[in-house]
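Reader: I would like a close look at a single part of this structure, followed by its setting in the chain and in the pair of chains. Please keep to what can be read from the atoms or from a record, and name each source of a statement as you go.

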Number of protein chains: 2
Amino acid sequence: MPLPQPNLPEPAHPDVDSMLSRKFGKEIANYFSGSPLNRVSFLRPDHAFLSQALRHPSASFLLFNKLEPLVKSGTELVQVKYTDVQPIIGEDPFSKTEEDTIKDYNSATYLPQIVFLGLDERVEGFVYKDHYKGQPYFAVDVTPKASVTEAAEALIKNLEGQGLAFSKGRMHLSLPAQEAAIYAEARHLLDWNARNPYCGACGYPTLSINAGFKRTCPPRDIAPSVSTPDRPPCATRTGISNLSFPRTDPTVIMAVVSADGQRVLLGRQKRWPEYWYSTLAGFLEPAESVEEAVRREVWEESGIHLGRVVIHSTQPWPYPANLMIGAIGQAIPTGETVHLGHDAELEDAKWFTLDEVREALRIGTSGLGEDAGPEYKPGGLRLPPKTAIANQLMSAVVNGFVSGSPNL
Amino acid sequence: MPLPQPNLPEPAHPDVDSMLSRKFGKEIANYFSGSPLNRVSFLRPDHAFLSQALRHPSASFLLFNKLEPLVKSGTELVQVKYTDVQPIIGEDPFSKTEEDTIKDYNSATYLPQIVFLGLDERVEGFVYKDHYKGQPYFAVDVTPKASVTEAAEALIKNLEGQGLAFSKGRMHLSLPAQEAAIYAEARHLLDWNARNPYCGACGYPTLSINAGFKRTCPPRDIAPSVSTPDRPPCATRTGISNLSFPRTDPTVIMAVVSADGQRVLLGRQKRWPEYWYSTLAGFLEPAESVEEAVRREVWEESGIHLGRVVIHSTQPWPYPANLMIGAIGQAIPTGETVHLGHDAELEDAKWFTLDEVREALRIGTSGLGEDAGPEYKPGGLRLPPKTAIANQLMSAVVNGFVSGSPNL
């Protein structure tokens, strides 16, 4: 049976009837967007703020073990309290200023990763400097490791005793929309920190600061095993370096429409289930506009030549760090012949009629690795679920994006 | 005097009258996009291809010294030939397969960075496997350094004798559109390679492969100074890691329109010249849609609350690695009060009438650090030139983006 497909997030301020929304239609919000949290990003270096938020009775903690979140019944994120994580993170990991934390850097000390996710302003609770209010959200990495092994194993055992478990695989695609967005933020940041323990510019170990949103290359390391505490100069310490900040990879994904507007090009990878197709996609490269990346990827993977490309909507995708930029492009009349010989990425690419796609969107969608729905008949086209932007792009096309009203 | 403002690139296939272009209008192409080269990205690991392309008589080489390109008269990229760069790059840097190059990795050997930029298919010349034709373009780092110091200094002296020079500062903003796009690709890749000599996952030195588009962490290093050639396992070697590929940072930049559509919000940084304002901008964060990033940045920097946000166009920006995603957002009626106290990034942010912005776009634009045009009167609003997407966003607003025809 396919898992339930959760609702998509509501676009922000749906109640506001603006000139832009009258002209372009309602904003399209994709799964993993729509977080209810205010990130108050400018407060992240402020350890007085973080220290108070962390220890406030309303503070909520999401736990991750090897990047998998703690869930209940497979489709609900579990929030725990400060007292639950205190044995792992310590009394107050923000008791020193950020400046002093960098000064006292010791690469031999294991610090479990903590990420400040934001304030849920719908919940009364914590107040900072009068202006910033709400329930603080944190993510904590409780993977049993180094000095926290024992405490983490004890906590995990306790949680499992309560019938809770760390998710396996892509269960998170069944989370309610707002939880999915909070989870996506946490997973993206935990993965980025775990993936980048060393400095790309000088090769020395780095330290997480800004509550999980920055990694710095400290000028000094007091670990006993280090022969000289003072490190050589590092390029990331002079001026601002993008290496210090989380990486997000812009990725283009596109519904390709034929010149007459009557067909959609879909492709499939070899490892996908039989009859399963989706829109083409690929990473945007350095010094490309989105439209150029769409045209290049489509030509490289399918041989099709596109003319006009229109950006439709975007989707954060935390596996591990993508921004999916959804577009719709139209083939030029002389460029509709499929040729798979350039890049060997796809097993097949072919044109489908709007009716075939419309019917498959109705009865043939599911998550990868799940069964299709009850109305699906073997041999029919299978497509990704509505939590995937690919599904939204195809839906836009069959609903008149190319030929209908001016809505985006 | 302000430098001449070059023309913007023509959108691809301007001759194609598609359903999408009839509905949404002509595609907007920003400066640094519009490259005439076919990147044939799938051929980059093929050293037989690279070796032939590099040594073909039609091959064109752009030279960079500390990331600054070789130019003529300040506004023209200079192309040199294989024989010019051969003393620096050697007879054939692609004589071995990529696999063997990785196997024989020696971190003590300095290899000047080479980037394959693409084929200019408008020029007859090189042909590979019948399908792939055109003039091959490469970028080469000729910074005098390590084993190439002498050869590089000799080449530079020779070029300077011909009246050529490596550009200083942002002269490249005066290049013709297609040259600017080729330059942007080269600069982004050279910078990324230079900025990432070490592996973020394990801290060991990495090797440039895929003709400059990938860095790999070799499993073995035969440098004499290395005590054990075999290295410990590295996470980037199992599966595909984004760390191995060029980084591009998605950045949002937005024209903010008042609820009544009659005013535009602009901000200024302290270090800018007097009277100079621009649109707000900031990095997209992990797990944000573009629209969410726009609303967050605008609130953090100016206190303004936005409703509907529409993506307008995108611009590659190679300083060092940005994808500028241009948007237009409309304030909600109750959220128009400027408050600079959240994030301290701006010195000022305020509302301007459409007429003020229209007039400044006509007489008050120039590059940063240049004088305004001859019609500009001191005290009047100054704005960025049309090579900046900020200028295009403001132009779209004064030309009826919010209230006019359905064109994007």
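Author: B:Leu368 sits in the loop of chain B that runs between helix H8 (354-363) and helix H9 (389-398), in what is a predicted model. With a relative accessibility of 48%, B:Leu368 counts as partly exposed, because the exposed class begins over 50% and the buried class lies under 20%. Setting aside residues up to four places away in sequence, B:Leu368 touches B:Trp272, B:Pro273 and B:Trp276. One of these partners, B:Trp276, is 92 residues away in sequence, yet the C-alpha atoms of B:Leu368 and B:Trp276 are 8.9 Å apart in space.

A second residue of chain B, B:Glu297, belongs to helix H7 (residues 290-302), and at 8% relative accessibility B:Glu297 counts as buried. Its contacts, leaving aside neighbours within four places in sequence, are B:Val252, B:Met254, B:Ala281, B:Gly282 and B:Phe283.

In chain A, the loop between strand S13 (280-283) and helix H7 (290-302) holds A:Ala287, a residue that is buried, with a relative accessible area of 8%. Although A:Ala287 is not a glycine, its phi is positive, near 60°. A positive phi of about 45° is also found at A:Ala146, again not a glycine, and this residue is placed in the loop between strand S7 (132-141) and helix H5 (149-161) of chain A. A:Ala146, however, counts as exposed, at 53% relative accessibility. As background to these two cases, most residues other than glycine have a negative phi, and most peptide bonds are trans.

The peptide bond between A:Tyr319 and A:Pro320 is cis, with omega about -5°, and A:Pro320 lies in the loop between strand S14 (306-317) and strand S15 (322-331) of chain A. In chain B, B:Tyr319 and B:Pro320 are likewise joined by a cis peptide bond with omega about -5°; there the loop that holds B:Pro320 runs between strand S15 (306-317) and strand S16 (322-331).

For the wider setting, UniProt, in an unreviewed entry, places the feature "domain: Nudix hydrolase" at residues 246-374 of chain A. That span is 18% helix and 36% strand, and its end C-alpha atoms lie 42 Å apart. Chain A is divided into domain 1 (31-244) and domain 2 (249-398), whose centres, taken over C-alpha atoms, are separated by 35 Å. The contact between them takes 12 residues from domain 1 of chain A and eight residues from domain 2 of chain A.

Taken as a whole, chain A has nine helices and 16 strands, and 60% of its 408 residues count as buried. Its radius of gyration of 24 Å agrees with the value near 22 Å that a compact globule of 408 residues would have. Among contacts in chain A between residues at least 6 apart in sequence, 69% join residues at least 24 apart.

Finally, a turn of 180° with a shift of 0.0 Å along the axis lays chain A on chain B with an RMSD of 0.0 Å, which is the relation of a two-fold axis. In chain A, the C-alpha nearest that axis belongs to A:Gly203, at 2.0 Å from it. The same surface serves both copies, since 100% of the contact residues of chain A recur in chain B.

Note on methods:
Residues numbered from 1 in each chain as written. Chains lettered and ligands numbered in written order. Predicted model: local features only at pLDDT ≥ 70, side-chain atom pairs only at ≥ 80, totals over all residues. Heavy atoms only, no water. Least-squares fit on C-alpha atoms with pLDDT ≥ 70 in both. Contact = heavy atoms within 4.5 Å. UniProt positions renumbered as here; feature names shortened; annotations may be inferred. Helix = DSSP H or I, 4+ residues; strand = E, 2+ residues; numbered from the N terminus. Rg over C-alpha atoms; globule rule 2.2 N^0.38 Å. Buried < 20%, exposed > 50% of the residue type's maximum accessible area, 1.4 Å probe, protein only. Domains from an automatic or database assignment.
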